[in-house]
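Biologist: I'm new to reading protein models. Could you walk me through this one, a feature at a time?

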Amino acid sequence: MVMVFYGSNSKSNPVSMENKVEHQTENQITYDQTSSPVNYLCVYLYISVWMLTHCFVDSWIHLASDLGMLYKVRCGLQSLESNISQLSLRHFRIQNTSTLDTFSLTINKTLPLSPNGDRWIEFPIQWPLKKHFLVVVTYHLTIFSRNILNKRNLVHMTACIYGTHGDTGDRSLLQSLQDVQQEEKNESFLVIMDAADLGELEKIVLLISSKTDCKLEVKKLHVQEAAKEHPIYVFEVNEIFCECNKPKIQREIPASFVTRGEKQKNDIDNNLNKEGSQVKNLTEYTIKVYTGDKRGAGTDANVHIILFGNEDKSEVFQLSQPLEHQNPFERGKVDTFKIKTKKLGSLRSIEIGHSGKGFASGWFLEKVEITDAASNSVHCFNCNRSVDQSIITLYTLFSF
């Protein structure tokens, strides 16, 4: 069994709970993990594993302090080929030994969730006195392809969906299929996965491996919440993956567009029918991003930002083309971007993060300054810390 902890600043590496047994009695197993002795967390997990019907796992896990405030946990089976064929999760309890804040949750689920199905579960951490937390959402991922179903026994294929609130981790696509549609040249199938709310979806990373040389054609991917007809996030692929001489193929697929419901479409049409309404409702913002002047401060990753005002929030903007030069986010540099979005009101906070893509993906962000062209006001958001691919929230330090 492995666990992944998500914080407001970053996520942990997978924490393995196997082969770490220090003490074992008939009813208790104790693990000790001491890889990064900074922020001490005590995790208690009641589980039923293999032949043991009532095991109690008492585990001390040491996590790096730069994870920030923990907001979700993903746990599950790393591989179905291990000596543990099933894992029954009964109860979860986590305590921050510095603040003594504690969160408990009754789970009562057995992994895999279905025969040859999903090996992972996620749940948000609801700390005491914290008003805002994520909820678990069921996502429908539909794969449109040409020849994958006939080769599903020879191919291993996973998808990791990324959003503004984190990612799903690598989830298997060919183990438990729903709503299979096959025609002469086209096919589609549905994969259902539960995850803590991902927010606005940004990209999907596909990982494909095969036992033999073969060609797999993927046309597009659709993702939507099971409880909602819209929005539907569309990821165009249109690629033939050839396994020749490549043990694994990985592709990062950004979101192509989002389809809206009829009500949303009608609202947009009504706005367009009002003379000049589309232009009048857009506000221009100038964003200045200050990268720190220290060794390793720059990044080659894709940076994104969301603006929050007292009236509304913006969509996700990719900061890729600064006004000054072609290579943004270098050490000690200032990059300027211009965006247009709906009226947000007075800016209150921003969410900023990056994809983690590239060899030099670490980034030390000094501050962000945003000028509202409509009011000619400048809002300053200080950071002065490292930013990784998980988002961080910055609040207005001052405005003038």
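Modeller: Sure, let's begin with a polar contact: a pair of N or O atoms within 3.5 Å, where, within protein, one must be able to donate a hydrogen and the other to accept it, and residues adjacent in sequence count only if both atoms are side-chain atoms. Before we use that, note that this is a predicted model, where local features need pLDDT of at least 70 and side-chain atom pairs count only at pLDDT 80 or more, while totals for chains, interfaces and linings use all residues. Residues are numbered from 1 along each chain as its sequence is written, and side-chain values use heavy atoms, with hydrogens and water left out.

Biologist: Okay, so which side chain has a polar atom 3.0 Å from the backbone nitrogen of isoleucine 161?

Modeller: That's threonine 168. Look for threonine 168 in the loop between strand E13 (166-167) and strand E14 (171-172); helices (H or I, at least four residues) and strands (E, at least two) are DSSP runs, numbered from the N terminus.

Biologist: Is threonine 168 buried or exposed?

Modeller: Buried means under 20% relative accessible area, exposed over 50%, and partly exposed in between (1.4 Å probe, protein chains only). Threonine 168 has 0%, so it is buried. Contact means heavy atoms within 4.5 Å, and leaving out residues up to four places away in sequence, threonine 168 touches several residues, including Arg74, Glu122 and Met193.

Biologist: How do I read a nonpolar core?

Modeller: It's a set of buried Ala, Val, Leu, Ile, Met, Phe, Trp, Tyr and Cys residues joined through side-chain atoms within 4.5 Å. Here the largest one has 33 residues, and Leu141, Met157, Leu173, Ile204 and Leu221 have the most contacts inside it. Among the elements giving it two or more residues are strand E11 (136-145) and strand E17 (201-210). Another core, of 24 residues, lies apart from it and includes Phe317 and Ile392.

Biologist: And sheets?

Modeller: Strands of a sheet pair through backbone hydrogen bonds, either parallel or antiparallel. Two strands count as paired if DSSP finds at least two bridges between them. In this model, four strands form an open antiparallel sheet in the order E2-E1-E7-E10. Its edge strands, E2 (15-16) and E10 (120-124), each pair on one side only. Within it, methionine 3 stands opposite valine 15 in E2.

Biologist: What about odd backbone angles?

Modeller: Most residues other than glycine have a negative phi, and most peptide bonds are trans. Asparagine 238, in strand E19, has a positive phi of about 50°. The peptide bond from histidine 230 to proline 231 is cis, with omega near 5°.
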